[in-house]
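Here is a brief report on one protein chain. It starts from a single residue and works outward.

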Amino acid sequence: MSAATQHHEVPAGPEEALAVVDAQRESYLKRHEVKPAPLLVAWGLAWLVGYAALALYREPDYGLPRAPYLFFCSCLAAALLFTFAYIVPKVRGIRGRSSREGTYYGLAWALGMPLGAIILSRVNAFLATVNTAEANEVASLVSNAVPCLIVGVIFLMSAALWDEMVMGVLGGWILLVTLVVTIAGMPWAWWIMSVAGGGGMLVAAVVSAAARVKRGA
C-alpha cells in the first residue's frame with residue numbers, strides 16, 4: 001500500500017478523526033431517524049376526514065350508519081399501515097438498544113390496537129342489546145376513547161424514546177381532546193375530534209417540519 005493511499009484512509013490527526021466519526025454518525029442518524037412529521041400528517045388527515053364523515057352522517061339516536069363507520073375505520077387502517085411502512089425500514093438492520101426500542105414500539109401498536117378492538121367489541125355487543133339512544137351514545141364515546149387512549153400513550157412513549165417534544169405535546173393533546181369529548185358527549189363529539197384532534201396533528205406536523213428546517217436537519 002502506497003503512502004498516498006494510506007494518507008487518504010487514515011485521518012491525519014485527532015481533529016480529522018473526530019470529523020470523520022461525526023460525519024458517519026450524522027449519516028447514520030439521517031438514515032434511521034424516525035421523523036414525526038410524516039406520521040402526524042398521516043394520522044391528522046385520517047382523523048380530520050374520518051371524524052368529519054362520522055359527524056356528517058350521525059343518526060338522531062347517535063347510531064352510526066355502516067358506510068361512514070367503515071370509511072372511518074379505513075382511514076385509521078390506512079394511517080396505521082403507513083406508520084408500519086414508514087417505521088419498519090428505519091429500524092431494519094439496527095442492532096442493540098435501537099433495535100430493541102423499535103421492536104417494543106412496534107409491539108405497542110401491534111398488541112395495543114387489537115386488544116382495544118377486542119375490548120370494544122365485547123362492550124358494544126352488550127350495549128347493542130340495550131338499544132337506546134343513551135346506550136348508543138356511550139358505545140360511540142367509549143369506542144372513540146379507548147383507541148385514542150392507546151394512541152395518546154404511545155405518542156407520549158415515542159416522545160420519551162426519541163426525545164421528540166412535538167410527539168409528547170401531541171400525545172398530551174390527543175388525551176386532552178379525548179377527555180373533553182368524552183365529557184361533552186354528543187352531538188359535538190365527532191366535530192371536536194375532527195377539528196381539534198386531526199387539525200391539531202396537522203399543526204404539529206407543520207411545527208415539527210419547521211423546527212427541523214430551522215435546525216438544518
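Serine 140 is buried, at 7% relative accessibility. The model is predicted. Serine 140 sits in helix H6. Leaving out residues up to four places away in sequence, serine 140 touches Tyr62, Leu64, Met186 and Trp190.

**A cis bond at Met186**

One of those partners, Met186, takes part in a cis peptide bond. The bond joins methionine 186 to proline 187, with omega at about 10 degrees. Most peptide bonds are trans. Where is proline 187? Proline 187 lies in the loop between helix H7 (165–184) and helix H8 (189–215).

**The overall fold**

The chain has eight helices and zero strands. From the N terminus on, the elements run α-α-α-α-α-α-α-α. The chain has 217 residues, and 35% of them are buried. Take the contacts in the chain with a separation of 6 or more: residues 24 or more positions apart account for 74% of them. The chain exposes about 12600 Å². Carbon and sulfur atoms supply 69% of that area.

**Helix H6 and helix H5**

Valine 151 is another residue of helix H6. Valine 151 is buried, with a relative accessible area of 2%. Its contacts, not counting residues up to four places away in sequence, are Trp109, Met113 and Ile174. Glycine 112 is 39 residues from valine 151 along the chain, and their C-alpha atoms are separated by 8.9 Å.

Now turn to helix H5, which holds phenylalanine 126 and leucine 127. Is each of these two neighbours buried or exposed? Phenylalanine 126 is exposed, with a relative accessible area of 56%. Leucine 127 is buried, with a relative accessible area of 12%. Leucine 127 touches Ala135, Val138 and Ala139, again not counting residues up to four places away in sequence. Two of these names come back in the C-alpha distances below.

| Pair | Apart in sequence | C-alpha to C-alpha |
|---|---|---|
| Phenylalanine 126 and alanine 139 | 13 residues | 9.4 Å |
| Leucine 127 and valine 138 | eleven residues | 8.2 Å |
| Valine 151 and glycine 112 | 39 residues | 8.9 Å |

**The largest pocket**

About 840 Å³ of space lies in the largest pocket. Its lining gets two or more residues from each of these elements: helix H3 (36–56), helix H4 (66–91), helix H5 (97–130) and helix H6 (133–162). The lining consists of 33 residues. Which of them lie nearest the centre of the pocket? They are Tyr69, Phe72, Cys73, Leu120 and Ser143.

What is the make-up of the lining, by nonpolar, polar and charged residues? It divides into 24 nonpolar, nine polar and no charged residues.

**The cysteines**

Cys73 is among the lining residues nearest the centre of the pocket. Cysteine 73 is partly exposed, with a relative accessible area of 30%. Cysteine 75 is buried, with a relative accessible area of 15%.

How many disulfides does the structure hold? The structure holds zero. A disulfide is a covalent bond between the sulfur atoms of two cysteines. The cut-off used here is a pair of cysteine sulfur atoms within 2.5 Å. For the sulfur of cysteine 73, the closest cysteine sulfur is that of cysteine 75, 9.2 Å away, so the gap is too far for a bond. Looking from cysteine 75, the closest cysteine sulfur is in cysteine 73, at 9.2 Å, and that too is too far for a bond.

**In brief**

The predicted model is a chain of eight helices with zero strands. Helix H6 holds the buried residues serine 140 and valine 151. Helix H5 holds the exposed phenylalanine 126 and the buried leucine 127. Both helices give two or more residues to the lining of the largest pocket, and that lining has no charged residues.

Conventions
Residues numbered from 1 in each chain as written. Predicted model: local features only at pLDDT ≥ 70, side-chain atom pairs only at ≥ 80, totals over all residues. Heavy atoms only, no water. 1 Å grid on protein atoms, 1.4 Å probe; cavity = no way out; pocket = protein on both sides within 12 Å on 5 of 7 lines; lining within 4 Å. Points joined across faces, edges and corners; volume = space filled by probe spheres on them. Helix = DSSP H or I, 4+ residues; strand = E, 2+ residues; numbered from the N terminus. Nonpolar A, V, L, I, M, F, W, Y, C, P; charged D, E, K, R; others polar. Buried < 20%, exposed > 50% of the residue type's maximum accessible area, 1.4 Å probe, protein only. Contact = heavy atoms within 4.5 Å. Areas by Shrake-Rupley, 256 points an atom, 1.4 Å probe, with all protein chains shown as cover.
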